[in-house]
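Biologist: I would like a close look at a single part of this model, taken slowly and with the numbers attached. Here is the entry I have in mind.

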There are 2 protein chains.
Amino acid sequence: MSYTAPVKDMLFNMQHLAHIEQIAQIPGFEDAGLDTAAAVLEECARFTEGVLAPLNFEGDKNPSSWKDGVVTATPGFKDAFRQFTEGGWQGLQHPQDFGGQGLPKTIGAACTEMLNSANMSFALCPLLTDGAIEALLTAGSDELKAIYLEKLISGQWTGTMNLTEPQAGSDLALVRTRAEPQPDGTYKVFGTKIFITWGEHDMAENIVHLVLARVAGAPEGVKGISLFVVPKFLVNQDGSLGARNDAHCVSIEHKLGIKASPTAVLQFGDHGGAVGYLVGEENRGLEYMFIMMNAARYGVGMQGIAVAERAYQKAVQYARDRVQSRPVDGSINASAAIIHHPDVRRMLMTMRATTEGCRAMATVAAAAYDAAHHHPDAEVRKQNATFYEFMVPLVKGYSTEMSPEVASLGVQVHGGMGFIEETGAAQYYRDAKILTIYEGTTAIQANDLVGRKTARDGGQTARAIAAQIEKTEAELLASGTPAAKTVARRLAAARQAFLDVVDFVIGGAKVSPNAVFAGSVPYLLLAGKLVAGWQLARSLLVAEDLLPKGQDEAFLRAKITTAQFYAEHILVKAPGLRDSIVEGAASVTDLALDAF
Amino acid sequence: MSYTAPVKDMLFNMQHLAHIEQIAQIPGFEDAGLDTAAAVLEECARFTEGVLAPLNFEGDKNPSSWKDGVVTATPGFKDAFRQFTEGGWQGLQHPQDFGGQGLPKTIGAACTEMLNSANMSFALCPLLTDGAIEALLTAGSDELKAIYLEKLISGQWTGTMNLTEPQAGSDLALVRTRAEPQPDGTYKVFGTKIFITWGEHDMAENIVHLVLARVAGAPEGVKGISLFVVPKFLVNQDGSLGARNDAHCVSIEHKLGIKASPTAVLQFGDHGGAVGYLVGEENRGLEYMFIMMNAARYGVGMQGIAVAERAYQKAVQYARDRVQSRPVDGSINASAAIIHHPDVRRMLMTMRATTEGCRAMATVAAAAYDAAHHHPDAEVRKQNATFYEFMVPLVKGYSTEMSPEVASLGVQVHGGMGFIEETGAAQYYRDAKILTIYEGTTAIQANDLVGRKTARDGGQTARAIAAQIEKTEAELLASGTPAAKTVARRLAAARQAFLDVVDFVIGGAKVSPNAVFAGSVPYLLLAGKLVAGWQLARSLLVAEDLLPKGQDEAFLRAKITTAQFYAEHILVKAPGLRDSIVEGAASVTDLALDAF
């Protein structure tokens, strides 16, 4: 069950696809060049491989447990969390003003991947804390910032996101939790929140709940939702902990996966009201929540990549070790390790190519985020923001949809042993399935892609990306190697399919919304496949360029083969998706409701 | 967690696709017409819905357990098994000579589906018993038949298949269990068998293990394997039970799914040797085992369909009940049941169409089996045997590969609730994953399809099927309705893709086996999609024909929409698979071994 962080691949992406040296020219990121990245990644690899990865299977066998309102994390987790905070990992991407390290997302995202490959249940805790930090940084008053940010960024306290209620999942308009203003400017919060990840635990001194609730008299629907800080323990003026707040964990869920991460039902205000502090202004909660959500959505995409990577590594290990049957080509005249069998290779290559493709896509998106937030030139910021916003549903949606599929192949490579829990492959299959659901299901991501990211600007961003892809195709054709030409052909077909779908979306979004939204998830998958394949195509060009320079030949040749495999086995699905979306919408919604 | 057997769809398939009235003209099946089918299915529906289905979730929560060599089935299972045997369900398809009902597989397969939809863990026990019965019927001596068959067919005793050993999974050449001949004609069996489904339990008086082992001095590899009956309790001359045999369950596995079905590690001969009785002749064990395997492979395909059906029903129920968000077309000006959302419809239609397509394919295959085994005309028998043999890897391989995908969509429809074990959707996702593995992984099915079913006859059977499909296309075009024309177009493209791949397989099987086997699983999936889509296309024609006759309009219209959806969203993938197989083989196997 060991894990080896794919540092080489991550640095390759940062250097050659995301151009980290350009990010290091942005004021504030002067020290965030390739050398820094390499040093941080090596350190993170040591920590995640050595401390977190060995606890992953333990967390599955021995989940965090609830008793009388107290949640005790899996044995070993508390100590690991102490090491996590001591290493300063929580503050990696957060501002130095509040004790963080202020590193770019381009580097931070790689660390997020490692944490999640090593131990997704564990890594969920800092992921949610990141969201709380983002919300307070953006919308919190100076007072709230002063009280909470340093302790969240240091990891001394952790954060949560409280959106979901039994009747309000994807549909936040249905939120009923209410907040009553008090004379002292605080609020009393009453309600039940469910699915609160790390909503209660013993790893940190305090837990800072960020809670969506309605102030009495607020408008109905999402326009009447406000955001509150509701700490587990009230905080005294001097920063020390005060009374226990009226926010209690009444149970945790029994889940398919990520079992070490407690998923809490939180009861606010059953004993007089939970003290809450308004974040920003009343009725703007959804807006602030989206700040958290957008950070978390990217992070969940990384989780998809992370689980896929771990499943891939495990499958490769098993395929090297397990001896079964002779190779079909007669190359070995005895039973051989199953990695010699073509179908095992097909499965491993599918796992590998999908994972590397999504990683490359996410790395480029992270660089765009950094430029969008920190570049001195407003026009550059704007361009990058637009690109990043387009990428978020793809990183979240596509990387998580591929993740259970990759994990399923991982089980399959193990044969019967894969179905035995002690083997460990099944855990990834179970863990990965949450990723397409939380922080917005794939359909919610697809709605975002269709509505806010494609239709709203009339397809401008989508077409601009396609134009960039066309340039990569030209470079591939100019290279002229058989691999480059093959990739160019598949990339062009996928790009054309994408453009056809963009036209369909633009044309139909208003006049035939059912038809457009019937194809929204397939559109997201098509776009994800295209962008990931594009980044692997760029990788191929880089590898071809570096090969004669005598650098790591094995790595570069593998990159070329992986890009070609991706084009021939994954990108190749794009035209079929186009046909389903553009020509097959009616049969999605035609069936009479009674006939199901 | 209720289950409603899809009797109407099953009877539609039997009547209109499998032509059960023709089967009823075969001597011995005179009473097996549509009326009988309807009566049997109704009775089976009552039993499975009322008795087995309510125990399914219980079995997952409270698996069969092992203590000191004794396995106790999930509470309720023993009583359910008593009702199962009292109902005569074990003997449904077995010869009347030994107390069975002698019904055709066309009817029996539908009952197998119901049993497995209701409770797959439970249904595995009779499935394995079926295999043991088949082996003894074909290869057992009269004495073995006399001792064992009636009691297996009545369900008084159950059967198992003992193939796998720790070092011998897909590769039976590596079997080490040995059998030493004794002076009295019996053998003493020594060895360890793993993954033995229902290898030990308390539901029946005796367990009849069918065990692969090597007789001393036998040739190496698969040519030296013999098959033995090793009963848990020895049987006296008068049929009563004698001494406990030296075959003991030393542990059961902790599995991802099908938890109520105990998966045993069996130790043979640790206390002097387990008494075994040779089945047929020495060294022909693999041949006999294939008799069991072929029956079981079809049965596992039915399991895939069964789990998919159950997952579909559960998802539909949730989608009708769960209220969340307004429809995108503005048709309802308030939050609505999620079945109104196009992407939920897309997921439900994908689940439905795949399940119905595979069911139609499997029903037609079952009818071919009946004709192959019982038709008076030798030429008809041969044609049907050839067709059935081609279908077995498709029914097993495709119906099981689609099954976890359908179950995954089922979880997705449930959103966050799907990830909570109490909801029950996650169980199907876990249960289904074994199906692509046991009784031969998908890769093993694909090897069979490539080698024995396609290459061996030079593609003759494959092309004959394609020719039949072409006739259906002509009928669709003759119909001329928009739905029929759409289906015809997608079917023609898929058929052409299939033929291209058949040519590739025939051309390359000997000269470039790695390239052919790199595409073996995609070939299987393409062929499965094609044949299932073909059967739905035939269903569409039938439905169009019946509609003006005033029969069940809602059902027939749904059949047409489902066929169209299948064509536009699933068959449409065939050309992409063709490209991957025919043009993308090199990138599957090109990566250097060290580079993984």
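Biologist: Through which surface do the copies meet, judging by the interface residues of chain A and chain B? Please stay with that contact, and add how domain 1 of chain A meets domain 2 of chain A.

Modeller: This is a predicted model, and what follows should be read as such. The copies meet through the same surface, because 100% of the interface residues of chain A are also interface residues in chain B. Chain A can be laid on chain B by a turn of 180 degrees with a shift of 0.0 Å along the axis, and the RMSD is then 0.0 Å. The two copies are thus related as by a two-fold rotation axis.

The contact draws on 86 residues from chain A and 86 residues from chain B, and the two chains bury about 7600 Å² between them, of which 61% lies on carbon and sulfur atoms. Within chain A, the residues that lose the most area to chain B are A:Phe419, A:Tyr429 and A:Phe596, which together account for 11% of what that side buries. As for polar interactions, there are 49 residue pairs in polar contact across the interface of chain A and chain B, counting pairs with both residues at pLDDT 80 or more, and six salt bridges between the chains. In one of these salt bridges B:Asp579 pairs with A:Arg490, with the closest N and O atoms 3.2 Å apart. The side of chain A that touches chain B is made up of 37 nonpolar, 26 polar and 23 charged residues.

Inside the chain, the assignment divides chain A into domain 1 (7–151), domain 2 (158–285) and domain 3 (441–590). The centres of domain 1 and domain 2 of chain A, taken over C-alpha atoms, are separated by 24 Å, and 30 residues of domain 1 are in contact with 31 residues of domain 2. These two domains of chain A bury about 2600 Å² between them, 71% of it on carbon and sulfur atoms. On the domain 1 side, A:Val71, A:Leu128 and A:Tyr148 supply 22% of the area buried against domain 2 of chain A, more than any other three residues. Between domain 1 and domain 2 of chain A there are zero salt bridges, but eleven residue pairs are in polar contact, both residues being at pLDDT 80 or more. Among the elements that each supply at least two residues to this side of domain 1 of chain A are helix H5 (77–86) and helix H8 (142–154), while H7(A) gives the most, with eleven residues. The residues on this side of domain 1 of chain A that touches domain 2 of chain A divide into 18 nonpolar, nine polar and three charged.

Methods
Residues are numbered from 1 along each chain as its sequence is written. Chains are lettered from A and ligands numbered from 1 in the order in which they are written. This is a predicted model: local features need pLDDT of at least 70, side-chain atom pairs count only at pLDDT 80 or more; totals for chains, interfaces and linings use all residues. Side-chain values use heavy atoms; hydrogens and water are left out. Copies are superposed by least squares on the C-alpha atoms of residues with pLDDT of at least 70 in both. Contact means heavy atoms within 4.5 Å. Domain bounds come from an automatic or database domain assignment. Buried area is the accessible area (1.4 Å probe) that two parts lose on being put together, summed over both. A salt bridge is a side-chain nitrogen of Lys or Arg within 4 Å of a carboxyl oxygen of Asp or Glu. A polar contact is a pair of N or O atoms within 3.5 Å; within protein, one must be able to donate a hydrogen and the other to accept it, and residues adjacent in sequence count only if both atoms are side-chain atoms. Helices (H or I, at least four residues) and strands (E, at least two) are DSSP runs, numbered from the N terminus. Ala, Val, Leu, Ile, Met, Phe, Trp, Tyr, Cys and Pro count as nonpolar, Asp, Glu, Lys and Arg as charged, and the others, Gly among them, as polar.
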